[in-house]
Amino acid sequence: MIRPLEHILIPLGLLAVGGLLGWSFFLAVTGDAGERLAPIALARVPDSGVSNPVTSVLLNFRAYDTLLEFAVLLAALLGIWSLGSSGTGFQPAASVLDGMVAGFVPLLILSAGYMLWVGAYAPGGAFQAGALLGSAGVMLALAGHRNAGLPSEGRLRILVGLGVFVCALTGLLLMLFGDGFLTYPAGFAKWLILTIETAATLAIGATLAAAYLGGRPAAHPTTGETA
Amino acid sequence: MTDQVLYAQLLYGGSGIILVLLGLWSFLVHAALLRKLIAINLMGAGVFHILVAIAYRGIDTPPDPVPHALVLTGIVVAVSATALALAFGKRLDQVDD
Amino acid sequence: MNALLTVFDLLLTLTLLGLALVTVTSREPRRAVILFIAFGLLLALVWARLRAPDLALAEAAIGAGLSGALMLAAARRASGRRTSPAEGSDAEDAP
């Protein structure tokens, strides 16, 4: 039996969308689009304070985008927290998994630090480092740590807001005393970028680990009370 | 731009378009939340793939960093959206029970 | 021009599309998620080929790793719901 929606309309629609996408992609690749952004960006990389082109686009040329992205991550986490508390978590791990996790988590944190530093001149950066921190948290959660190694809720709030806060504060200070919002003065760019990236790494790692828990963290075992 | 580069761009960009269509089809046809989520992620992966193909400039020329930065941003936004959608799904299940 | 590279490109693309196809067509949630993780890792490999190592790192860690971990937890809940309640109790969230 032929259902008209599933067997005729959807394939036709997909064909149309695919044709349109393919046509515009072919034109974009073969056509002469005039001056592209790539040569301009690549030419200015030496002035940006870091020598990895992707990091310099992300944290210098298009720092607005990155600030807004930290805000998106924060908004997603707030959405998750507003839906209720996290579940009861996993059972505590047996000794083999526990031992493996105890070995891997410090290694992950160490490689996150390396990834953050190396992002200035080689593949890496705040997002990759934050992902490594987040996966350390996921590993702890899987091994039965109820809060995935995250601090109590009051400190966790500061931690997840750190990326937006430091990035926006740097931008505002530069607007007051410098050339404009997130326009780094020559010579300071490297250190400003590193400051923002460090804060962002902590924030991204904490946000991803907290998002994995899927709800507001349970009351911390040691403090015992959270709002 | 040499033929080799154009060929690679068309091959990888074309496969990106196929990924978008595959994801769109799966999103429209399947009802389960998890399958819809996988479909959306697949569509996103297709879009990223197209952008990476556009940025490609050949095996020994540095690629365009601007689309790369966009894709890096997109990956993180996609995972946070997935986490939010899964939290919504979990809450919906609780309401249903 | 470079025949070996062309064959490699074709092989990568076909594997990627094949993995995507079996991912969207598999019915069992856990199987679909695991195939999606494999797809993400292969995508990271393709991006390393396209000279985007930053993206390959991010996709392997975030797109495949963290998304996969998130979805596996959801798949566990979904398959726990699909089986009969008496049988599926051990697949629910642990006490």
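No salt bridges (a side-chain nitrogen of Lys or Arg within 4 Å of a carboxyl oxygen of Asp or Glu) are found by the rule across the interface of chain B and chain A. The model is predicted, with local features requiring pLDDT of at least 70 and side-chain atom pairs counted only at pLDDT 80 or more, whereas totals for chains, interfaces and linings use all residues. Residues are numbered from 1 along each chain, chains are lettered from A, and side-chain values use heavy atoms, without hydrogens and water.

Across the interface, 1 residue pair is in polar contact, both residues at pLDDT 80 or more; such a contact is a pair of N or O atoms within 3.5 Å, where within protein one must be able to donate a hydrogen and the other to accept it, and residues adjacent in sequence count only if both atoms are side-chain atoms. On the side of chain B that touches chain A, two or more residues each come from helices H1 (3-29), H2 (33-55) and H3 (65-96) of chain B, helices being DSSP runs of H or I with at least four residues, numbered from the N terminus. H3(B) gives the most, 17 residues.

Over all chains, 3 aromatic pairs are found, defined by ring centres of Phe, Tyr or Trp (its six-membered ring) within 6.5 Å, with planes under 30 degrees apart termed stacked, over 60 edge-to-face and the rest tilted. Phe70(A) and Phe127(A) form a tilted pair, at 6.2 Å centre to centre and 40 degrees between the planes. This pair joins helix H4 (residues 63-82) to helix H6 (residues 126-142) of chain A, its members lying 57 residues apart. Phe70(A) and Phe127(A) are both buried, that is, under 20% relative accessible area (1.4 Å probe, protein chains only).

Note on methods: Buried < 20%, exposed > 50% of the residue type's maximum accessible area, 1.4 Å probe, protein only.
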